[in-house]
Amino acid sequence: MKRILELEHVHYAYHTPEGETPALTDLTFSVNAGEFLAIVGPSGCGKTTLLSLIAGLLTPEKGQIRIYQKPLSESTTNIGYMLQHDELFEWRTIYQNVLLGLEIQHMLNASTRQHAHELLETYGLKQFENARPSELSGGMRQRAALIRTLVLKPDLLLLDEPFSALDYQTRLNVGDDIGQILRKEKKTAILVTHDLSEAISLADRVIILSRRPATIHQTIPIFFDLDNDTPLNRRDTPEFKSYFKLIWKEMNEHE
Amino acid sequence: MNNLSTGQKNYLHQRRQHRRIVSFSRILILAGFLLLWEATTAAGIIDSFIFSSPSAIAQCFFRMILDKSIFLHLSVTLYETILSFLLVTIFSILAAVLLWFSKKLSEILDPFLVVLNSLPKSALAPLLIVWLGANQTTVIVAGMSVAIFGSILNLYTSFTTVDPGKIKLIYTLGGRRLQALSKVVLPSSIPSIISNMKVNIGLCLVGVIIGEFLAARSGLGYLIIYSSQVFKMDWLLMSIVLLCIMAMGLYAIINLLEKWCIRKF
């Protein structure tokens, strides 16, 4: 398996005049191509910081982040980042929202436009292309946000609690939906969440972080022997419960 | 219309009734005021030399339309107001963008802007006359001076309160600060830019009139100061009425612009 992402002894701290708040200490892990990794941990343990570091929005104070063996700063690999809220712009239509990333990266041409139309059609938003975000349900908005990310053809996808703003029913459906979309597109993805069942239903591997300053407490591979391995089907199996108990125990043991 | 329920009909009826009362009362107040004014001056209860009267103001207005002198004064004031308003709009957006780009610059300039904003701008007018001369430039700069500092501060504040999540999104899509500005900050600030314009058009008119008081040979401000000096109260009150109408008209234009923007964005 090819390694897409490697983190080595990554440290990060926030600085204010009142003092220093270490957020991450000595994080080392890697992600293989095609893998779906979930990172769980208590609220405020630095999960979003970790994704911001991988996306290159922040620079680690110590340690190395490499993508395809190249340091992050020299890498040209496209990293997609899905935020907690969909952040669709009300002054643009859904189609224009989806094109935002292409516009910014100056990749807007006939074939990328075509690709955007195709993705909207595949994921059931074709009839809403000219709608404003406020006309869509929470689930559809989140799907539009995913398409906005996917249309840039990212090699690595970062998901920052993308379902946390949704109500429970929508959350299960959208989680299932997006999980299947990502499997179908064979994307490598890192999901951070504080929702254990979400992590288990989506991931191939779960990393448990400790309280802040976050370190890796435990890594647990997840495997379900299912013909139709979807997030919702996973939730029905007996293994789901035992994974849940195991991770729950690990997380609380540490406190 | 037949398929409306009684409740809905009642509701619509009450709504119409309410609107009718509001419009009727407005007209009644204005008409009553004018009538009272006219009657009391005609009866000699108040002195028409000092208070003028609606009919005298109207006559004066028509005389000035006939000799065309009113068009000069109106167009001069309108031109100066619109020009200073446009300059304020352009400069304050540019300045707010600059401040938004550089946190250092905004922190350095903040106390100066606050002081300039709270300074009574009428105090600057005599200074402007000395520097720029008693001409139209002075009037336009006086109009700008009233609005510009507050406008910069307000726009900068609205730029900095843009949802940080939306700005983060731009960075996650590979954008830089320039794209954050053009894709998020400016479009999401359009409502506050327009409400800022609504305030500015009124302030520019104030500044222009102050400027015309001191440094003009034409315009409504000049007409007001001149007529008060020669005790032509008809002229003075007519100018004030025209100023009211002009202010309303300018405000209405910005309102139209706002409606157009809401439809478009």
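## Enclosure of helix H5 in chain A

In this predicted model, 11 of the 13 residues of H5(A) are buried, so the helix is largely enclosed by the rest of the structure; buried here means that 20 or more other C-beta atoms, placed from the backbone, lie within 10 Å of the residue's own. Among the buried residues are A:Met140, A:Arg141, A:Leu146 and A:Ile147, and their cover includes strand E6 (79-82), helix H4 (110-122) and helix H6 (168-184) of chain A. Helices (H or I, at least four residues) and strands (E, at least two) are DSSP runs, numbered from the N terminus.

The end C-alpha atoms of helix H5 (residues 138-150) of chain A are 18 Å apart, which agrees with the 18 Å expected for 13 residues at 1.5 Å a residue, the expected span being 1.5 Å times one less than the number of residues.

## Annotated segments of chain B

The unreviewed UniProt entry annotates "transmembrane region" over several ranges of chain B, including 113-133 and 139-159; such annotations may be inferred rather than shown by experiment. Residues 139-159 of chain B are 100% helix, with end C-alpha atoms 30 Å apart, whereas residues 113-133 are 67% helix and 0% strand, with ends 26 Å apart.

## Contact between the chains

Contacts, defined by C-beta atoms placed from the backbone and lying within 7 Å, join 14 residues of chain B to 11 residues of chain A. The largest share of chain B's side, 7 residues, comes from H8(B).

## Numbering and confidence

Residues are numbered from 1 along each chain as its sequence is written, while chains are lettered from A and ligands numbered from 1 in the order in which they are written. Local features need pLDDT of at least 70 and side-chain atom pairs count only at pLDDT 80 or more, whereas totals for chains, interfaces and linings use all residues.

Terms used:
A residue is buried if 20 or more other C-beta atoms lie within 10 Å of its own, exposed if 12 or fewer, and partly exposed in between; C-beta atoms are placed from the backbone. Two residues are in contact if their C-beta atoms, placed from the backbone, lie within 7 Å.
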